Amino acid sequence: MFLLGHSCWSYLFSKATGRRLNVNLPAYLALLSGILPDFDIYFQPYLVHHTYTHSLIVIIPVVLVLTYFFGRLGFAFSIGILSHLLGDFLVGTIPLLYPFYSNSFDVGLNLGIPSLADTALEIGAFGLVLLYAYRNGDYKLVLKPSRESLLLAIPLFALVTLTLLFAGDRSIPLAEFAFSRRALTIITLGHILLSGILALGVLHGFRWYLGNRQSKLKDGVDASSAQPLG
Ligand SMILES: [Zn+2]
């Protein structure tokens, strides 16, 4: 599955889990959690993509540690990480027990990537995210200045850099590949749209930052001018 689907499914699963557990997982973490297993791309060639970070041998201890230290928030975030494995399991295979039995435990439905099923899963998840974000109020992050809007820069940065690095490592001419098939064109447009929405949020985040700084400066000036002259 591509990063569009991963970030959208993790948003849906981790947000819904948080809601059930009465904690509000911030949108930037919900979107980020599903991309984390693909962070191995940052460490290539030292860490082979789609190995350790896609194995339950590594992921289960990570889930336990996150839940132990961060409680319900950590658990909701972990569900986002696990949704990555589910996504890759559906459209391809995952090395479930890597580095042990690395070949015999490659399991998955292998629906294909790119494929109609994958496109439906990615675009479907994106549509559901837009609906869910409208219902839970997260849409305000991309329309109004706030601190959390600024933090959307983290999943945005990951989405863009991982895509570029992945293509670079495999010498894939990105622009050509992205529009080479109809299924890919739709997914590419989805990535562009999601990145655009996140970028809008980051822009509002900067507005929040500048406004915040200005009001702090103003408070500082007011406080110093209110001091009695001695
Ligand atoms: Zn993956």
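In which loop does Pro-114 lie? In this predicted model, Pro-114 is found in the loop between β2 (106-107) and α4, and the legends below move from the whole chain to that loop and to other close-up views.

**View 1. The whole chain, with its 8 helices and 2 strands.** Followed along the sequence, the elements of the chain come in the order α-α-α-β-β-α-α-α-α-α, and the C-alpha trace spans about 80 × 40 × 35 Å along its principal axes. Of the 230 residues in the chain, 39% are buried, while the accessible surface comes to about 13000 Å², with 68% of that area belonging to carbon and sulfur atoms. When contacts between residues at least 6 apart in sequence are considered, 70% of them join residues that are at least 24 apart. The chain carries 15 positive and 12 negative charges, and the mean positions of these two sets are 13 Å apart.

**View 2. The loop between α1 (3-20) and α2, where Asn-22 lies.** The phi angle of Asn-22 is near 65 degrees, which is a positive value in a residue other than glycine. Asn-22 counts as exposed because its relative accessibility is 65%, and exposed residues are those over 50%.

**View 3. The cis peptide bond between Gln-44 and Pro-45.** The omega angle of the bond that joins Gln-44 to Pro-45 is about 5 degrees. Pro-45 has its place in the loop between α2 (27-33) and α3 (56-91).

**View 4. The loop between β2 and α4, with Asn-110 and Pro-114.** Asn-110, a residue other than glycine, has a positive phi, near 55 degrees. Further along the sequence, the peptide bond from Ile-113 to Pro-114 is cis, and its omega is near 0 degrees.

**View 5. Helix α4 (residues 116-136) and its buried face.** With 21 residues at 1.5 Å a residue, helix α4 should span 30 Å, and this agrees with the model because its end C-alpha atoms are 30 Å apart. The buried residues of α4 are Asp-118, Thr-119, Glu-122, Ala-125, Phe-126, Val-129 and Ala-133. Seen down the axis of α4, these buried residues fall within an arc of 140 degrees, and therefore they line one face of the helix. On the face of α4 that is turned away from the buried side, the exposed residues are Leu-116, Ala-120, Leu-131, Tyr-134 and Arg-135. After α4 comes Gly-137, a residue whose phi is positive, near 90 degrees.

**View 6. His-204 in helix α8 (residues 182-226).** His-204 counts as buried because its relative accessibility is 13%, and buried residues are those under 20%. If its neighbours within four places in sequence are left aside, His-204 is in contact with Leu-141, Val-142, Leu-143, Lys-144, Pro-145, Ser-146 and Ser-149.

How values were computed
Residues numbered from 1 in each chain as written. Predicted model: local features only at pLDDT ≥ 70, side-chain atom pairs only at ≥ 80, totals over all residues. Heavy atoms only, no water. Helix = DSSP H or I, 4+ residues; strand = E, 2+ residues; numbered from the N terminus. Buried < 20%, exposed > 50% of the residue type's maximum accessible area, 1.4 Å probe, protein only. Contact = heavy atoms within 4.5 Å. Areas by Shrake-Rupley, 256 points an atom, 1.4 Å probe, with all protein chains shown as cover. Lys, Arg positive; Asp, Glu negative; His and termini not counted. Charge placed at Lys NZ, Arg CZ, Asp CG, Glu CD. Expected span 1.5 Å × (residues − 1). Arc of directions from axis to C-beta.
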